[in-house]
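Student: Please give me one close reading of a single part of this model, following how its pieces pair and pack before widening the view to what surrounds it.

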Protein chains: 2
Amino acid sequence: MTAPVIVLVRPQLGENIGKAARAMLNFGLTEMRLVAPRDGWPNPQAGPAASGADMVLEKAQVFETVADAIADCSNVYATTVRRRGLVKPVVTPEEAAREIHAAPGRSAILFGPERSGLETDDVAVARAILTVPINPEFGSLNLAQAVILVAYEWSKGQALAQPTLIEADPPAPQADLDGLVAHLEGMLEDAGYFFPPDRVPATKRTLRSVLTRPGWNAQEVRTLRGVLSALGKPRPR
Amino acid sequence: MTAPVIVLVRPQLGENIGKAARAMLNFGLTEMRLVAPRDGWPNPQAGPAASGADMVLEKAQVFETVADAIADCSNVYATTVRRRGLVKPVVTPEEAAREIHAAPGRSAILFGPERSGLETDDVAVARAILTVPINPEFGSLNLAQAVILVAYEWSKGQALAQPTLIEADPPAPQADLDGLVAHLEGMLEDAGYFFPPDRVPATKRTLRSVLTRPGWNAQEVRTLRGVLSALGKPRPR
């Protein structure tokens with residue numbers, strides 16, 4: 001099953017959630033996840049804007065954090081138009097669709113709040129950045145439009161979907177990676193690595209980015225957890 | 001000049017004309033033509049919905065008939081989802097975009113009224129039918145969405161819309177990576193990680209493999225060396 005999860009991060013208007021649902025279902029995507037929707041959930045404005053895509057809204061799951069929302073996903077994209085200081089691959093909707101069809105694990109695509117877009121911390125958890133190549137002199141893509149372009153590209157590959165190659169070692173689920181990151185951060189805190197305080201968020205982002213990019217499988221993540229445990233033990237005299 | 005003309009045939013709501021203009025300009029299309037807009041032209045609802053794409057609206061030309069609107073075009077598409085009794089080629093937005101880029105003359109794409117779509121007489125004047133391949137169980141594409149998908153596909157073939165790929169820095173030289181591996185191995189030896197002895201070569205190969213696969217750049221390798229140094233320092237009490 002290649003259909004990606006569409007994750008709306010802190011969406012503001014119920015109307016836009018409904019429009020995104022409609023855009024999804026137009027191209028066969030049905031799994032929507034909401035992270036901390038501003039006006040709570042369910043939202044009475046969503047249904048009318050969905051123009052009949054109610055089943056997407058009814059199935060929508062709500063999470064408190066991005067990490068919770070993508071814990072079972074191993075191929076995560078952050079949709080953004082802004083340039084970031086993060087070293088990550090940048091892909092078009094077309095390239096993302098191709099990767100999603102080939103990915104052995106679940107894929108998720110993050111979309112930010114209507115006004116501000118994704119925060120840098122949200123982008124840091126993603127394997128890659130998804131950017132719609134837009135008119136550089138007039139970039140004004142709304143949430144539902146971004147969703148529809150991504151869903152449209154995915155559906156094009158679906159029509160001629162080929163059997164997914166069974167890869168021996170798919171990337172570990174995001175939750176495994178989170179465990180590794182937390183383990184390392186804990187040790188580094190004890191070691192006094194995070195200094196000065198105002199650099200800590202950027203330092204943590206950098207670390208997460210460095211550890212996300214490899215796409216390690218579950219066995220590799222376990223190996224690295226073992227390495228950290230060994231380094232964290234009291235040293236033999 | 002390959003940019004197609006977007007022709008809205010008997011559009012109903014000014015708001016939708018504005019949204020279509022925004023969708024066009026997002027992907028570099030600027031020439032809109034209106035055939036007998038229901039509420040006349042200009043329409044005060046169009047501007048606000050265009051979100052800044054005013055120049056498309058200001059340049060928009062109004063015609064009484066479809067024939068007048070496409071008189072200077074030699075490659076005309078009728079956008080429709082319904083099957084017709086007409087014998088014409090049916091193309092996807094992608095195929096249409098390819099043809100438009102190759103066409104020697106001007107191209108135009110007709111979109112029908114919001115509620116009813118193009119009449120059979122409107123479709124008859126087109127060379128081909130353009131159909132967006134949509135979820136057969138939920139076809140609910142509005143005017144601006146249809147326009148944006150067509151504009152997006154056209155822009156993919158356009159130089160201005162080529163995404164500027166942020167190339168990740170090239171992987172660090174092998175010597176840098178060797179330094180990282182040696183650093184970690186040294187610490188793990190001190191920690192008593194390498195045991196039993198007969199498994200040591202395989203364990204080292206695994207570690208090297210895990211650290212080689214990411215293709216980290218020189219900066220990332222430096223970051224990780226710093227992490228190891230922090231973990232290797234005597235712990236603060």
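Tutor: Two strands are said to pair if DSSP finds at least two bridges between them, and the elements themselves are DSSP runs numbered from the N terminus, helices being H or I runs of at least four residues and strands E runs of at least two. The model is predicted, so local features need pLDDT of at least 70 and side-chain atom pairs count only at pLDDT 80 or more, while totals for chains, interfaces and linings use all residues. Side-chain values use heavy atoms, with hydrogens and water left out, residues are numbered from 1 along each chain as its sequence is written, and chains are lettered from A and ligands numbered from 1 in the order in which they are written.

The part to look at is the sheet of chain B, an open sheet of 7 strands in the order 3-2-1-6-4-7-5, with parallel pairing. Its edges are strand 3 (61-63) and strand 5 (90-91) of chain B, each of which pairs on one side only. Within the sheet, strand 1 (residues 5-9) of chain B runs parallel to strand 6 (residues 107-111) of chain B, and 4 bridges join the two; in this pairing B:Val7 has B:Leu110 of strand 6 as its bridge partner.

Helix 7 of chain B lies across strand 1, strand 6 and strand 7 (128-130) of chain B, and its direction makes about 155° with that of strand 6 of chain B. For such angles, axes are lines fitted to C-alpha atoms, for helices over the stretch in contact, and the angles run from 0 to 180 degrees between N-to-C directions; contact means heavy atoms within 4.5 Å.

Helix 7 (residues 143-156) of chain B also meets helix 5 (residues 93-102) of chain B, their axes coming within 8 Å and crossing at roughly 50°. The two helices are therefore oblique to each other (under 35 degrees counts as roughly parallel, over 145 as roughly antiparallel, 65 to 115 as roughly perpendicular and the rest as oblique). Helix 5 of chain B makes this pass in a right-handed crossing, that is, with the near helix turned clockwise from the far one by less than a right angle. From helix 5 of chain B the contact draws on B:Pro93, B:Glu94, B:Ala97, B:Ile100 and B:His101, and from helix 7 of chain B on B:Leu149, B:Val150, B:Glu153 and B:Trp154. By class these residues are 6 nonpolar, 1 polar and 2 charged, where Ala, Val, Leu, Ile, Met, Phe, Trp, Tyr, Cys and Pro count as nonpolar, Asp, Glu, Lys and Arg as charged, and the others, Gly among them, as polar.

Two loops of chain B deserve a check as well. A cis peptide bond, with omega of about 0°, joins B:Trp41 and B:Pro42, and B:Pro42 sits in the loop between strand 2 (32-35) and helix 2 (46-49) of chain B. Another cis bond, with omega of about -5°, joins B:Phe195 and B:Pro196, the latter in the loop between helix 8 (174-190) and helix 9 (200-212) of chain B.

Beyond this part lies chain A, of which 59 residues are in contact with 61 residues of chain B. The two chains bury about 5,200 Å² between them, 60% of it on carbon and sulfur atoms, buried area being the accessible area (1.4 Å probe) that two parts lose on being put together, summed over both. On the chain A side, A:Asn26, A:Phe138 and A:Leu231 lose the most area to chain B, together 12% of what that side buries.
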